[in-house]
Amino acid sequence: METVWLQRPSSDIPWGFRLQGGADFLQPLCVQRVTSGSIASTGLGKGDAIIRIGEVSTADLSHMEAQDLIKRCGDLVQLTIMKGENLMMERVTSPIQKSAPNFFDT
């Protein structure tokens, strides 16, 4: 896991990433897309799992709750993430298969 800080000069400038998943979809909260050259492109990539937003675990957050929490962070947001390639390695090398993988176990 790693911590990514995103800062923008104004809330008029979008972060440049789109989320997918959330507790309401029974899926981990992940980065669906990152806009090239955006603020998010400095630290996020497609497929990265968002583990925490600030000090809040995303394990039980709905998609909308996660979006609202990011909005409330203002112009500086702290994200704890697991890079997408690390998720793939865990899926491939894990000796124990669960019926539904949970990427938020800490």
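Let us begin with one residue, Cys30: at 10% relative accessibility, Cys30 counts as buried, because buried means under 20% relative accessible area. Keep in mind as you look around that this is a predicted model.

Now compare that residue with another cysteine. Cys73 has a relative accessibility of 26%, so this residue counts as partly exposed. You may wonder about bonds between cysteines. In general, a disulfide is a covalent bond between the sulfur atoms of two cysteines. How many disulfides does this structure hold? The number is 0.

Cys30 also leads us to the next stop. The C-alpha atoms of Cys30 and Ala49 are separated by 4.2 Å, although these two residues are 19 apart along the chain. Is Ala49 buried or exposed? With a relative accessibility of 0%, Ala49 counts as buried.

Ala49 belongs to strand S4, so let us stay with that strand for a while. S4 covers residues 49-53, and 4 of its 5 residues are buried, which leaves the strand mostly covered. Which strands pair with S4? One of them is S6, made of residues 76-82, and the two pair in the antiparallel sense over 4 bridges. You can find one end of this pairing at Ala49 itself, whose bridge partner in S6 is Met82.

S4 is also joined to S5, a strand of residues 56-57, by 2 bridges, and these two strands run antiparallel as well. Here Ile53 has Val56 of S5 as its bridge partner. Together S4 and S5 form a hairpin, with 2 residues between them. Take a look at Gly54 in the turn: its phi is positive, at about 65 degrees.

With these details in hand, step back to the whole protein. There are 6 strands and 2 helices in it. In what order do they come along the sequence? The pattern reads β-β-β-β-β-α-β-α.

What about contacts across the chain? Take the contacts between residues at least 6 apart in sequence: 62% of these join residues at least 24 apart.

Finally, consider what is covered and what is not. The protein has 106 residues, and 41% of them count as buried; Cys30 and Ala49, where our walk started, both count as buried. On the outside, the protein exposes about 6600 Å², and 53% of that area is supplied by carbon and sulfur atoms.

Notes: Residues numbered from 1 in each chain as written. Predicted model: local features only at pLDDT ≥ 70, side-chain atom pairs only at ≥ 80, totals over all residues. Heavy atoms only, no water. Buried < 20%, exposed > 50% of the residue type's maximum accessible area, 1.4 Å probe, protein only. Contact = heavy atoms within 4.5 Å. Areas by Shrake-Rupley, 256 points an atom, 1.4 Å probe, with all protein chains shown as cover. Pairing = 2+ DSSP bridges. Disulfide = S-S within 2.5 Å.
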